[in-house]
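Student: Hello! Could you take me through one part of this model in detail, and then show me how it compares with a few other spots along the chain?

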Amino acid sequence: MVKSADRQTGAKGGATADPATGPMADAATDAAPGKDATHKPGKRPRVAVIAHRKKTLGGGLDELRKVITGYDIDDLLWYEVPKSKKAPKKAREALDKGADLFFVWGGDGSVQRCVDALAGTDATVAIVPAGTANLLARNLSIPEDIAEAVRIGFEGRRTKIDLGKINGEHFAVMAGVGFDAEMIADADRGLKDRLGRLSYFWTGLRHVGGAAAPMTIKIDDTDWFEGDASCVLVGNVGTVTGGIDVFEDARFDDGWLEVGVSTADGPIQWARTLGRMSAGKAEKSPFVRITRARKITVKLSEPMEYELDGGARKRVTKVTIKVVPQGITMCLPDVPADAAAGTPQDAAAGV
């Protein structure tokens, strides 16, 4: 876990949330900005399934169809795509046909593509985590179990979560430039299908020898960093690349994004940095700075790849990242009574 050295402990945009009036206290109330709501019985949802057909979980898509049709639904729109970048078109088509509950079958890439297409609409998204890392599902405590993921979709809480937006494209988990993006790009080149989550470890080893590059970073239009850096990471949730808990203070509903920059250069410094990150002590690393912001602008001295939610994008010399408060409605597990006074992450995890 990482605590920001640039923030006071407990600061949440200048105020500490009151558990008696915060989001969790409203879990059973009607949906409203900043509030959670359980699904109201009586309304038959029009369901759309956007499925990456190459992803597997349990009994597969046949089981998914059987479980969904066991609920009282108005209609079922079913779309299978061969790759995640085909998902947005199907999501928009289903939205035009009146779908209001979307089950996304796949990994973080499929979820990101659908979230990008549905952000800002009245659609509700339920995740059936069938991918490699399933980072958003893990942060929201959605299990890799078809029956339970579907139950959460129909019966769980409806919660508006923040999104980030990098160079015009929405993300829900993270975005990165440099080491992180290069590692993910290599993993995307067939390794994930062969090695699963180990692909991130393997490609990470290949890139620790990469050199840091000159860059400047502004946060909320204020100069924050200038110098050589090997990685910039922006998180909307705590657990990011490779399943590492990087941003301890991250909340998915507070209107902020966590920002980290690493100046580690070469295998020895990266080994020290990754070791501290894995142990939850990145704040003690001399090669890491962390803060939070609503807008981040990164200017690069040379073109570099960037990534969002585990999907690689083309090389650029500048990225602009902004928070999108309450950008999408997600289906989350029910809140245990003893977790209602905690943070949204605590409640999602049932602690």
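Student: To set the scene, how many helices and strands are there in the protein chain? After that, please look closely at helix H5: which of its residues are buried, and what covers them?

Tutor: Happy to! Please keep in mind that this is a predicted model. The protein chain has nine helices and 15 strands. Of its 351 residues, 53% count as buried. Among contacts with a separation of 6 or more, 73% join residues 24 or more positions apart.

Now to H5 itself, which spans residues 146-155. Its buried residues are Ile146, Ala149, Val150, Ile152, Gly153 and Phe154. There is a general point about spacing to keep in mind here: an α-helix has 3.6 residues a turn, so residues three or four places apart point the same way. With that in mind, try picking out Ile146, Ala149, Val150 and Gly153, which are among the buried residues of H5.

The cover over these buried residues comes from several elements. It includes strands E2 (46-52), E4 (101-106), E5 (124-129), E6 (157-166) and E15 (311-332). Helix H1 (60-68) is also part of that cover. At the N-terminal end, Asp145 acts as a cap for H5: one of its side-chain oxygens lies 3.4 Å from the backbone nitrogen of Ala147.

H1 deserves a closer look of its own. The axes of H1 and H5 come within 10 Å and cross at roughly 40 degrees. Pairs under 35 degrees would count as roughly parallel, and H1 and H5 are therefore oblique to each other. In handedness, H1 passes H5 in a right-handed crossing. On the H1 side, the residues that meet H5 are Gly60, Glu63, Leu64, Val67 and Ile68. Their partners in H5 are Ile146, Ala147, Val150 and Phe154. Sorted by class, this contact has seven nonpolar, one polar and one charged residues. Ile146, Val150 and Phe154 thus take part in the contact with H1 and are also on the list of buried residues of H5.

A second helix pair can be set beside this one. Helix H2 (residues 87-96) packs against helix H3 (residues 108-118) at an angle of about 45 degrees, with the axes 8 Å apart. H2 and H3 are therefore oblique to each other, and H2 passes H3 in a right-handed crossing. The residues from H2 are Ala87, Pro88, Ala91, Arg92 and Leu95, while H3 supplies Arg113, Cys114, Ala117 and Leu118. The contact of H2 with H3 has seven nonpolar, no polar and two charged residues.

H3 is mostly covered, with nine of its 11 residues buried. Among them are Ser110, Arg113, Cys114, Ala117 and Leu118. Just after H3, Gly120 takes a positive phi of about 80 degrees. In the loop between H2 and E4 sits Gly98, which counts as partly exposed at 39% relative accessibility. Gly98 and Asp75 are 23 residues apart in sequence, and their C-alpha atoms are 9.6 Å apart in space.

Back among the elements that cover H5, strand E2 is the place of His52. His52 counts as buried because its relative accessibility is 10%. Beyond its neighbours within four places in sequence, His52 is in contact with Val81, Pro82, Lys83, Ser84, Trp105, Gly106 and Ser110. Ser110 is one of the buried residues of H3.

Two asparagines in loops are worth a check of their backbone angles. Most residues other than glycine have a negative phi. Asn134, in the loop between E5 and helix H4 (135-139), has a positive phi near 55 degrees. Asn167, in the loop between E6 and strand E7 (169-171), has a positive phi of about 50 degrees. Asn134 counts as buried at 2% relative accessibility, whereas Asn167 is partly exposed at 36%.

One more loop residue to visit is Val237, between strand E11 (231-235) and strand E12 (257-262). Val237 is buried, with a relative accessible area of 1%. Its contacts, apart from residues up to four places away in sequence, are Asn139, Ala172, Val173, Phe247, Ala250 and Phe252. The C-alpha atoms of Val237 and Arg251 are separated by 5.8 Å, although these residues are 14 apart along the chain.

Key. Residues numbered from 1 in each chain as written. Predicted model: local features only at pLDDT ≥ 70, side-chain atom pairs only at ≥ 80, totals over all residues. Heavy atoms only, no water. Buried < 20%, exposed > 50% of the residue type's maximum accessible area, 1.4 Å probe, protein only. Helix = DSSP H or I, 4+ residues; strand = E, 2+ residues; numbered from the N terminus. Contact = heavy atoms within 4.5 Å. Polar contact = N/O pair within 3.5 Å; in protein donor to acceptor, adjacent residues only side chain to side chain. Axes fitted to C-alpha atoms, helices over the stretch in contact; angles between N-to-C directions. Parallel < 35°, antiparallel > 145°, perpendicular 65-115°, else oblique. Left-handed = near helix turned anticlockwise from the far one by under 90°. Nonpolar A, V, L, I, M, F, W, Y, C, P; charged D, E, K, R; others polar.
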